[in-house]
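Trainee: I would like a close look at one part of this protein. Please take me through a single residue and its setting, then through the sheet and the cores.

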Amino acid sequence: MLWALSQTAIQLQFDDRKLPAETVENPNNYRITPDAQIEHVLLDQRGNRVLLITTPLEIEKTYRLALPPNLQTGFEVMVPPVNEITFGTGDAVTFSGGLQDTTLHVNKDRKTRNNNAGAEPTLLCNPTGSVFFVAFDLFDAFEDMGIREPTQVLEATITLHVEQYETDAVQTVLFRRVLLPWKEGRGTSTRAEDNELTYNSALHRNLPWNKRPAQAMLSGIDGDTESDYNGSEDVAHRIDGTSEIQGAGKHYTIKSELLTDAVRFWVANPDYNYGYLCALQDGNVPIIFSSKEATDETLRPTLTIRYQTADQREQTLKDN
């Protein structure tokens with residue numbers, strides 16, 4: 001399979017066999033006609049997906065890509081004006097920027113306040129204060145894909161799968177942008193180690209939350225400017241999105257202009273991408289979601305971005 005991600009990036013996916021890196025990562029083994037060059041080739045950790053970095057291709061022009069021997073005969077390539085890509089894991093993913101997630105378990109007796117369930121197959125939010133964090137690592141992906149301008153991002157959505165939900169009532173989960181760095185745990189409901197996220201602190205023992213757990217939110221702190229990430233706040237005051245949950249065994253998609261604005265901000269400021277805190281806003285029954293450790297990859301959290309493949313700023317400069 002082939003995806004023309006942008007004017008300078010093509011993603012190839014083969015069958016489940018491991019590809020020989022010495023063959024597929026050699027740019028000289030590929031050829032694009034007419035009038036284009038392969039500048040760099042990257043084999044991903046799965047061993048069957050290849051990212052080709054090319055000289056700029058024209059939008060909606062048909063090219064022919066010749067592949068290394070013994071792979072496939074080749075593909076036709078055409079870059080669409082608008083494209084969509086999913087970050088995370090699962091069958092829908094075309095290019096993965098990585099994912100981290102974890103649950104901070106908060107019980108009424110507070111005996112587990114330093115637990116960090118970053119290795120569990122589920123994520124939890126409940127009425128007693130348990131929350132979960134989700135972040136997609138997009139640091140290198142935007143640059144590799146040729147998405148260099150925030151205005152290229154047209155829409156962003158986050159999709160989560162609910163595993164357990166023991167009520168017929170509708171409950172609301174809210175999403176607030178995280179403004180401090182955090183690190184997921186390596187255990188399953190075990191006590192957090194140094195530098196892991198906890199109920200007490202963003203970085204265990206080193207960076208306490210202003211108000212536990214990550215709830216110190218002041219009006220005007222919304223995550224839209226670099227000064228919001230100066231350590232004076234933990235989580236944005238503003239709610240970027242909500243999702244009404246009703247029933248288990250379903251995927252729920254969170255879509256809002258504020259979420260799209262967050263991704264645009266991360267394109268321009270990738271160092272400040274700490275993802276979202278997800279908490280129960282209205283309800284009295286726990287909600288259990290699938291995490292990135294879920295056995296079924298299609299149930300894991302994903303971030304989908306619809307974007308313009310052309311850098312309009314560069315196109316304007318070229319036209320002038």
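Mentor: Strands here are DSSP runs of at least two E residues, numbered from the N terminus. Keep in mind that this is a predicted model.

Start with T167. T167 sits in a loop, with strand 12 (153-165) on one side and strand 13 (171-177) on the other. Is T167 buried or exposed, or in between? Its relative accessible area is 23%. Buried means under 20% and exposed means over 50%, so T167 counts as partly exposed. The side chain of T167 reaches the backbone nitrogen of A169, at 3.1 Å. T167 also has G283 at 9.9 Å, C-alpha to C-alpha, although 116 residues separate the two in sequence.

Now the open sheet. It has 3 strands, in the order 3-6-7, with antiparallel pairing. Strand 3 (31-33) and strand 7 (75-77) are at the edges. Each has a single partner strand, so one side of each lacks a neighbour in the sheet. From one strand to the next, the twist averages 25°. Look at strand 6 (residues 63-66) and strand 7: they run antiparallel and are joined by 3 bridges. Y63 has V77 of strand 7 as its bridge partner.

Last, the cores. In soluble globular proteins, nonpolar side chains tend to be buried together. The largest nonpolar core holds 61 residues. F87, F133, I287, F289, L303 and I305 touch the most other members. A second, separate core has 21 residues, including L12, Y30, A36 and V41.

Note on methods
Residues are numbered from 1 along each chain as its sequence is written. This is a predicted model: local features need pLDDT of at least 70, side-chain atom pairs count only at pLDDT 80 or more; totals for chains, interfaces and linings use all residues. Side-chain values use heavy atoms; hydrogens and water are left out. Helices (H or I, at least four residues) and strands (E, at least two) are DSSP runs, numbered from the N terminus. Buried means under 20% relative accessible area, exposed over 50%, partly exposed in between (1.4 Å probe, protein chains only). A polar contact is a pair of N or O atoms within 3.5 Å; within protein, one must be able to donate a hydrogen and the other to accept it, and residues adjacent in sequence count only if both atoms are side-chain atoms. A nonpolar core is a set of buried Ala, Val, Leu, Ile, Met, Phe, Trp, Tyr and Cys residues joined through side-chain atoms within 4.5 Å. Two strands pair if DSSP finds at least two bridges between them. Axes are lines fitted to C-alpha atoms, for helices over the stretch in contact, and angles run from 0 to 180 degrees between N-to-C directions.
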